[in-house]
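Please look over the structure shown below before reading the numbered notes.

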Amino acid sequence: GNQVFFIPQEKKSQYHLANVVVSNLVLSLFEKGTSYLLNCGINEEEAIALLMPLAKENLDNILKKGIK
């Protein structure tokens, strides 16, 4: 589950926006990457399986090293 944070009321919409942007962007990037692989003749399931290790490695690197 997600960690619980106490955020001032006036910042809650910004907190929500950060979560929506990241979640939707990941989905959109996978959709776009998958579409390129579909054009190469790779089916959707295989395309996702090919992209997943790259995405996981990037997320692990962000967790370890930050975003800078």
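1. Helices α1 and α2 are oblique to each other, because angles under 35 degrees count as roughly parallel, over 145 as roughly antiparallel, 65 to 115 as roughly perpendicular and the rest as oblique. This is a predicted model, in which local features need pLDDT of at least 70, side-chain atom pairs count only at pLDDT 80 or more, and totals for chains, interfaces and linings use all residues. Residues are numbered from 1 along each chain as its sequence is written, and side-chain values use heavy atoms, without hydrogens and water.

2. Helix α1 covers residues 12–39 and helix α2 residues 44–65, and the two pack at an angle of about 125 degrees with their axes 9 Å apart (helices are DSSP runs of H or I, at least four residues; axes are lines fitted to C-alpha atoms over the stretch in contact, and angles run from 0 to 180 degrees between N-to-C directions).

3. In the contact (heavy atoms within 4.5 Å), Phe30, Gly33, Thr34, Leu37 and Leu38 of α1 meet Glu44, Ala47, Ile48, Leu50, Leu51, Met52 and Ala55 of α2. These contact residues divide into nine nonpolar, two polar and one charged.

Notes. Ala, Val, Leu, Ile, Met, Phe, Trp, Tyr, Cys and Pro count as nonpolar, Asp, Glu, Lys and Arg as charged, and the others, Gly among them, as polar.
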